[in-house]
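User: I am new to this structure and would like to learn how to read its features. May we go through them one at a time?

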Amino acid sequence: MASRSFPVPDKMAGERVDAALARMLGLSRTRAAEAAEAGGVLQDGAPLGKSDRLRAGAWLDVELPDEDRDAVEVVAEPVPGMRIAYEDDDVVVVDKPVGVAAHPSPGWTGPTVVGALAAAGYRISTSGAAERQGIVHRLDVGTSGLMVVAKSERAYTLLKRAFKERTVEKVYHALAQGHPEPTTGTIDAPIGRHPGADYKFAVTADGKPSVTHYEVLEMVPSASLVEVHLETGRTHQIRVHFQAVRHPLVGDLTYGADPRLAARVGLSRQWLHAVRLGFEHPGTGEWLEVTSDYPDDLQHALEVVRGADAGR
């Protein structure tokens, strides 16, 4: 058995047991729930169920049977198509291809940014959980574009703070179905777990505050190319928000996209790309901004919808 004892951090007060333990101990949410249901989670000596809420300052005792612990290993594996967009002694900015996770996690057997950097001989910050060292933010597996990874310990600390304080500029381009009105606006709607599917997210009354700013750059009959600025960084935020306003991203079948349009443009993932990333450099204090071109599959899809427009 592996035992851990620690006080509940203030920021975890009110969180569900399974969600909080997953974040604090690097477990999958399912494994955290199983530990609670087995009676292995005590709050001030009282057993907790998976859906019970944590109290700030309470003392947690957690027991995890060896066979239930998540063993996640970083596999050093080159990732074809992953480009180094910027690098110095403090940070490395990668241009992540689709189909690549930021870091290893339970159930994921595909390539990762962390593994690709290890295979290329990069030394990154040792801060964070073993499989997430150097990771200060993430992109979905199905989203391509720019990610910054900390190489120095100072960079890790300062970049984590910058993301928390929302001073990092994260700019995405998305191809949304239809024509959003108004053409420039803000989607301010809380996001939480989807009530009917644990792998999805949705706008929910008890979700976390989530703010997305957008501007339509180009319109064609079936879709709009949109620039998106994130004020917050919730999982699947852009995808969820655009579905909520009835303009799901082209190719995003999980969040309501038209499968016929996805097939026509040849997409098996959402049309979403992190095109620009800007932040105060943790070493120099100067503003650093990196940009990325559309990958081939997104460029092709865009040309198809433009061509459909020209042929009308």
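User: Through how many residues does a hairpin join β12 to β13?

Analyst: Please keep in mind that this is a predicted model. The hairpin that joins β12 to β13 passes through two residues. The two strands run antiparallel, and eight bridges join β12 (residues 211-220) to β13. One example is V216, whose bridge partner in β13 is V226.

User: Which way do β8 and β13 run, and how many bridges join them?

Analyst: β8 and β13 run antiparallel, with seven bridges between them. Within this pairing, V171 stands opposite H229 of β13.

User: Why is β13 described as largely enclosed by the rest of the structure?

Analyst: Burial is judged from relative accessible area, and a residue under 20% counts as buried. In β13 (residues 223-230), seven of the eight residues are buried, so the strand is largely enclosed by the rest of the structure.

User: Let us turn to helices. How far apart are the end C-alpha atoms of α4, and what span should its residues give?

Analyst: The expected span follows from a rise of 1.5 Å a residue. For the twelve residues of α4 (residues 153-164) this gives 16 Å, and the end C-alpha atoms lie 17 Å apart, which agrees.

User: Which residues of α4 are buried, and which exposed residues does the opposite face carry?

Analyst: The general idea is that an α-helix has 3.6 residues a turn, so residues three or four places apart point the same way. In α4 the buried residues are A155, Y156, L159, A162 and F163. They cover an arc of only 135° around the axis, which puts them on the same side of α4. The exposed residues R154 and K164 are carried by the face turned away from that buried side.

User: What do the buried residues of α4 pack against, and what phi does R166 take?

Analyst: They pack against four strands: β6 (91-96), β7 (144-150), β8 (169-177) and β14 (272-280). R166, just after α4, takes a positive phi of about 65°.

User: How is helix α2 to be read: which of its residues are buried, and what covers them?

Analyst: In α2 (residues 29-37), A32, A33, A35 and A36 are buried. Seen down the helix axis, they fall within an arc of 160°, so they line one face of α2. Their cover includes α1 (17-25), β2 (41-43) and β4 (59-64). G39 follows α2 and has a positive phi, near 80°.

User: How many aromatic pairs does the structure hold?

Analyst: A pair of aromatic rings is described by the distance of the centres and the angle of the planes. The structure holds two such pairs. In one of them, the ring centres of Y214 and F242 are 5.9 Å apart and the planes stand at 70°, so the pair is edge-to-face. Y214 belongs to β12 and F242 to helix α5 (residues 237-244), so the pair ties together parts that are 28 residues apart in sequence. Both Y214 and F242 are buried. W271 and Y294 also form an edge-to-face pair, with 5.0 Å from centre to centre and 80° between the planes. This pair links the loop between α6 (259-265) and β14, where W271 lies, to the loop between β15 (287-291) and α7 (296-310), which holds Y294.

User: Are W271 and Y294 buried or partly exposed?

Analyst: W271 counts as buried, at 0% relative accessibility, whereas Y294 is partly exposed, with a relative accessible area of 22%.

User: Finally, where does K200 lie with respect to Y255?

Analyst: K200 lies over the face of Y255, at 5.7 Å from the ring centre.

Methods: Residues are numbered from 1 along each chain as its sequence is written. This is a predicted model: local features need pLDDT of at least 70, side-chain atom pairs count only at pLDDT 80 or more; totals for chains, interfaces and linings use all residues. Side-chain values use heavy atoms; hydrogens and water are left out. The expected span of a helix is 1.5 Å times one less than its number of residues. Buried means under 20% relative accessible area, exposed over 50%, partly exposed in between (1.4 Å probe, protein chains only). The arc is that of the directions from the helix axis to the C-beta atoms. Contact means heavy atoms within 4.5 Å. Two strands pair if DSSP finds at least two bridges between them. Rings of Phe, Tyr and Trp (its six-membered ring) pair if their centres lie within 6.5 Å; planes under 30 degrees apart count as stacked, over 60 as edge-to-face and the rest as tilted. A charge sits over a ring if NZ of Lys or CZ of Arg is within 6 Å of the ring centre and within 35 degrees of the ring normal.
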